[in-house]
Amino acid sequence: MEHKTWSNGINKASKMALLAWEKETGIELVQINGQRRYGGPPPGWVGGPPPAGTEVYIARLPQDIYENTLIPLFERVGKLYEFRLMMTFSGLNRGFAYARYGSRQDAQSAIAAFHRFQLRQGCAIVVCWSTQKRELVVSGLGASVSQRELEATLQTVTEGIRSVTLHSSPSQKPGKLAVLKYRSHEAAALAKKALMEGNLRIGEPKMRVDWLEPQLKQKLQLCKEEPSSSCVQGGESPAVPLALTLQNVLECLNMLCWKHRLRTPLFMTKCVQVNPSGWQQFWYQVAIPGSHVPIDGFIWVSPDRQGQSEHEKAKVLAALHVLQVLGGQLK
């Protein structure tokens with residue numbers, strides 16, 4: 001388990017007890033993007049993952065309690081397939097967790113046994129069925145945001161996305177909003193956290209990310225305007241998968257510059273900070289000979305995957321931003 005992100009002076013006794021428990025039991029906990037996971041599957045698990053409807057949501061946890069207390073407690077009623085504790089960068093928990101059992105009956109037993117259970121005097125926890133939401137809504141997008149720009153940005157900074165649908169905003173015309181569908185509740189929750197904490201900007205600085213509520217979903221479905229939609233990374237739709245690379249984004253940018261008698265853009269990227277989850281913040285500047293003012297800004301980039309370096313991903317996002325800015329200036 002990775003402990004480098006912990007602040008040593010915060011909750012030291014409980015952290016040391018957790019380390020001792022891990023060493024004694026041989027249990028491995030893995031922390032990724034603000035959550036710490038056990039299992040999925042656990043050692044010795046036979047067969048595939050449990051069906052839907054086997055996960056419970058646990059809330060109102062004291063922030064200084066960890067898996068060495070919670071996992072043995074919740075395994076009293078049945079075998080855990082997976083346990084996920086949401087964490088802060090200081091090493092405290094965020095007050096909630098998810099426990100996934102091997103069967104719906106075990107999950108039901110957990111709710112019956114532990115809802116309003118007193119972990120400590122005066123500390124009753126909440127245990128209920130996990131809602132398994134998989135759709136997010138991104139509001140506050142500018143009217144100039146394009147489907148392609150949005151898809152490319154989301155593919156770079158989140159994982160597990162199935163589809164992206166862009167709509168005219170019912171409440172903030174002429175602005176837009178986007179509905180994002182992910183492969184699982186876990187993927188959607190990680191994406192929500194990443195988009196909120198990564199200070200992502202797509203067209204407008206005041207972007208907001210929320211779970212898609214049924215009322216808004218119904219309202220969007222009733223809209224007469226057909227939104228553009230596409231499928232990414234293994235969704236069921238026959239639409240073309242996303243595959244924006246640095247090369248084809250730069251080709252689009254170079255074509256726009258040549259069309260308006262501007263020279264090839266020059267890119268500078270510099271990593272200015274790395275958060276404990278591995279996300280890197282880049283400063284970028286794009287100078288275009290023949291244009292008066294360079295374009296610069298800050299962007300967050302996810303840890304490397306699929307063989308693409310962080311600097312390449314930063315240049316893709318910078319190039320997309322420049323395309324948007326030049327598109328508006330050169331009309």
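Reader: In β4, which residue is the bridge partner of Y38?
Author: Happy to start there, keeping in mind that this is a predicted model. Strand β2 (residues 35-39) pairs with β4 in the antiparallel sense, over five bridges. One residue of β4 is the bridge partner of Y38, and that residue is F83.

Reader: And which residue of β5 is the bridge partner of L85?
Author: Strand β4 is also joined to strand β5 (residues 93-101), and the two run antiparallel with six bridges. In β5, the bridge partner of L85 is A97.

Reader: Which residue in the hairpin of β4 and β5 takes a positive phi?
Author: Look at the turn of this hairpin, where five residues lie between the strands. The positive phi there is near 100 degrees, and the residue that takes it is G91.

Reader: How many residues of strand β4 are buried?
Author: Strand β4 covers residues 80-87 and is mostly covered. Buried means under 20% relative accessible area. In β4 the count of buried residues is eight of eight.

Reader: Which residues have the most contacts inside the largest nonpolar core?
Author: That core has 29 residues. Elements that each supply at least two of them include α1 (12-25), β3 (55-59), α2 (67-74) and β4. The residues with the most contacts inside this core are I58, F74 and F83.

Reader: What is the relative accessible area of F74?
Author: Leaving out residues up to four places away in sequence, F74 touches I58, L80, F83, Y101, F114, I125 and V127. F74 counts as buried because its relative accessible area falls under the 20% cut-off. The value for F74 is 0%.

Reader: Are the rings of F74 and F114 stacked or tilted?
Author: A pair of aromatic rings is described by the distance of the centres and the angle of the planes. For F74 in helix α2 and F114 in helix α3, 40 residues apart along the chain, the centres are 4.8 Å apart. Stacked planes would be under 30 degrees apart and edge-to-face planes over 60. The planes here are at 55 degrees, so the pair is tilted.

Reader: Which residues form one aromatic cluster with F74?
Author: You have already met F114, which is buried at 4% relative accessibility. F74 forms one aromatic cluster with F83, F114 and F117.

Reader: Is Y57 buried or partly exposed?
Author: Y57 in strand β3 pairs with Y98 in strand β5, 41 residues apart. Their rings are tilted, at 5.5 Å centre to centre with 50 degrees between the planes. Y98 counts as buried because its relative accessibility is 10%. The relative accessible area of Y57 is 26%, so Y57 is partly exposed.

Reader: How many residues of helix α4 are buried?
Author: Helix α4 runs over residues 147-157. Among its buried residues are L150, L154 and V157. The helix is largely enclosed by the rest of the structure, because the buried count is ten of the eleven residues.

Reader: Which are the edge strands of the open sheet with the order β14-β15-β16?
Author: This sheet has three strands with antiparallel pairing. An edge strand pairs on one side only. The edge strands are β14 (266-274) and β16 (295-301).

Reader: How many disulfides does a search of the whole structure find?
Author: A disulfide needs two cysteine sulfur atoms within 2.5 Å. As for individual cysteines, C123 is partly exposed at 23% relative accessible area, and C128 is partly exposed at 30%. The number of disulfides found in the whole structure is zero.

Note on methods: Residues are numbered from 1 along each chain as its sequence is written. This is a predicted model: local features need pLDDT of at least 70, side-chain atom pairs count only at pLDDT 80 or more; totals for chains, interfaces and linings use all residues. Side-chain values use heavy atoms; hydrogens and water are left out. Buried means under 20% relative accessible area, exposed over 50%, partly exposed in between (1.4 Å probe, protein chains only). Helices (H or I, at least four residues) and strands (E, at least two) are DSSP runs, numbered from the N terminus. Two strands pair if DSSP finds at least two bridges between them. A nonpolar core is a set of buried Ala, Val, Leu, Ile, Met, Phe, Trp, Tyr and Cys residues joined through side-chain atoms within 4.5 Å. Contact means heavy atoms within 4.5 Å. Rings of Phe, Tyr and Trp (its six-membered ring) pair if their centres lie within 6.5 Å; planes under 30 degrees apart count as stacked, over 60 as edge-to-face and the rest as tilted.
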